[in-house]
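Here's a quick walk through a few spots worth a look. Keep the viewer open as you read.

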Amino acid sequence: MMKNLIFRNGDKLPILGLGTWKSKPGEVRQAVYWAIKAGYRHIDCAAIYQNEREVGQGIADALADGLVKRKDLFITSKLWNDSHRHEDVKPALEKNIE
């Protein structure tokens, strides 16, 4: 059983997450799926990794196969340094969640 950090509002963050940095194209989708199947509930990604679409596909596959419910996953991403100006934040975040 994965240990969690518990926030004041009751939300839980698994202390161990699957990092997707430097994951090879064509492999990260399956890696994410297998990680969820193995019990990972925290997936870490970022736009700069250029693999968020494939990470999302792995998550979608796991959801479709009934391995986990979306409410049980904690997905983190990052707002990259070139998107911190006020007018750049919302478009960058929207692109992140496509």
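What follows covers a helix pair, a small group of strands and two individual residues.

## What we're looking at

Bear in mind that this is a predicted model.

## Two helices crossing

Start with helix α1, residues 28–38, and helix α2, residues 52–64: their axes come within 7 Å and cross at roughly 40°. That angle makes α1 oblique to α2. As for handedness, α1 passes α2 in a right-handed crossing.

Who does the touching? On the α1 side you'll find Val28, Arg29, Val32, Tyr33 and Ile36, and they meet Glu54, Val55, Gln57, Gly58, Ile59, Asp61 and Ala62 of α2. Sort the residues of this contact by character and you get seven nonpolar, two polar and three charged.

## Ile36, on the helix α1 side

Ile36 deserves its own stop. This residue lies in helix α1, and its relative accessibility is just 1%, so Ile36 counts as buried, the cut-off being under 20%.

Leave out residues up to four places away in sequence, and Ile36 still touches Arg41, Ile43, Ile59, Ala62, Leu67, Val68 and Leu73. Two of those names, Ile59 and Ala62, also turn up among the α2 residues in the helix contact. Take Leu73 as well: it sits 37 residues from Ile36 along the chain, with 8.9 Å between the C-alpha atoms.

## The sheet

Next, the strands. Three of them form an open sheet, ordered β3-β4-β5, and the pairing is parallel. At the edges are β3 (18–19) and β5 (74–76), each of which pairs on one side only.

Zooming in on one pair, β3 and β4 (residues 42–44) run in the parallel sense and are joined over two bridges. If you want a specific bridge to find in the viewer, go to Gly19, whose partner in β4 is Asp44.

## Ser77, in a loop

Last stop: Ser77, which is placed in the loop between β5 and α3 (86–96). Is Ser77 buried, exposed or partly exposed? Its relative accessible area is 33%, so Ser77 is partly exposed.

Which residues does Ser77 contact, leaving aside neighbours within four places in sequence? The answer is Cys45, Ala46, Ala47, Glu52 and Asn96. Cys45 is worth picking out: Ser77 and Cys45 are 32 residues apart in sequence, yet 4.8 Å apart in space, C-alpha to C-alpha.

Definitions and conventions: Residues numbered from 1 in each chain as written. Predicted model: local features only at pLDDT ≥ 70, side-chain atom pairs only at ≥ 80, totals over all residues. Heavy atoms only, no water. Axes fitted to C-alpha atoms, helices over the stretch in contact; angles between N-to-C directions. Helix = DSSP H or I, 4+ residues; strand = E, 2+ residues; numbered from the N terminus. Parallel < 35°, antiparallel > 145°, perpendicular 65-115°, else oblique. Left-handed = near helix turned anticlockwise from the far one by under 90°. Contact = heavy atoms within 4.5 Å. Nonpolar A, V, L, I, M, F, W, Y, C, P; charged D, E, K, R; others polar. Pairing = 2+ DSSP bridges. Buried < 20%, exposed > 50% of the residue type's maximum accessible area, 1.4 Å probe, protein only.
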